[in-house]
Amino acid sequence: MQDMVQRKGYVEIYTGNGKGKTTAALGVSLRTLLAGGSVFFAQFIKGRGTAELRLASLFPGLEIVQFGDGEFVGMHASEADMAHAWKGLQRSKEAVTSGKYDLVVLDEILVAILYGLLSVEDIRDLLRKKHEYTEVILTGRNAPQELIEAADLVTDMKNVKHYYKAGVPAREGIEF
Ligand code: ATP
Ligand code: MG
């Protein structure tokens, strides 16, 4: 297989209330890996073992790390939540500046902003330091306007209907 050709990387945002943000980021990751590229996939907030963690054993070019403990509830961020998010930000900054990865996914990082674990300025700073050849995808609900302006591609997943409302919880293999 041919390795990916180095070329300009853009900043993408997948936001909105509809299903598909993390799934889309995983889909692009798969494409990058199958094209011979390397991926750093950071999952903010999440601590519960998602099925996608197992992708790392299939693809040597993938590093996937969770920065959360899965205990995060609603709007009450604890010191531990802040520490996880801060560590995630530092590792992500290293990943985007290093030039080592073709793609860096910051999954749910917009939710970390929403809960006050990280600031918009933290992310703007990270994006300013991005390596020219690295593509960055940010996911999560409620993308702040300043980040929408800083991005090159923004997709808003519109919620038309979701079984969550009917009481269907997140299911393994479908939502995690
Ligand atoms: P996916 O990972 O399936 O692509 P997503 O990344 O677009 O979804 P998230 O915002 O990360 O969606 O949603 C995480 C979880 O929140 C979902 O698995 C679902 O169970 C739950 N959820 C869905 N809709 C709502 C809602 N309106 N309010 C609270 N939780 C919801
Ligand atoms: Mg998600």
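**Close-up views of the ligand 1 site and a helix pair**

In this predicted model, the shell around ligand 1 is made up of two nonpolar, five polar and five charged residues.

**View 1. Residues surrounding ligand 1.** The residues around ligand 1 include a run in sequence: Gly18, Lys19, Gly20, Lys21, Thr22 and Thr23. The others in this shell are Glu108, Arg141, His162, Tyr164, Ala170 and Glu175. Tyr164 and Ala170 count as nonpolar, and both belong to the residues around ligand 1.

**View 2. Polar contacts to oxygen atoms of ligand 1.** A polar backbone atom of Gly20 lies 2.9 Å from an oxygen atom of ligand 1. In the case of Lys21, an N or O atom of the side chain is 2.8 Å from an oxygen atom of the ligand. Arg141 also places a polar side-chain atom 2.8 Å from an oxygen atom of ligand 1. Taken alone, ligand 1 exposes 640 Å², and the protein buries 76% of that.

**View 3. Packing of helices H2 and H4.** Helix H2 spans residues 79-98 and helix H4 spans residues 120-128. The two helices pack with their axes 9 Å apart, at an angle of about 20 degrees. Angles under 35 degrees count as roughly parallel, and H2 is therefore roughly parallel to H4. The crossing of H2 and H4 is right-handed.

Definitions and conventions
Residues numbered from 1 in each chain as written. Chains lettered and ligands numbered in written order. Predicted model: local features only at pLDDT ≥ 70, side-chain atom pairs only at ≥ 80, totals over all residues. Heavy atoms only, no water. Near = heavy atom within 4 Å. Polar contact = N/O pair within 3.5 Å; in protein donor to acceptor, adjacent residues only side chain to side chain. Areas by Shrake-Rupley, 256 points an atom, 1.4 Å probe, with all protein chains shown as cover. Axes fitted to C-alpha atoms, helices over the stretch in contact; angles between N-to-C directions. Helix = DSSP H or I, 4+ residues; strand = E, 2+ residues; numbered from the N terminus. Parallel < 35°, antiparallel > 145°, perpendicular 65-115°, else oblique. Left-handed = near helix turned anticlockwise from the far one by under 90°.
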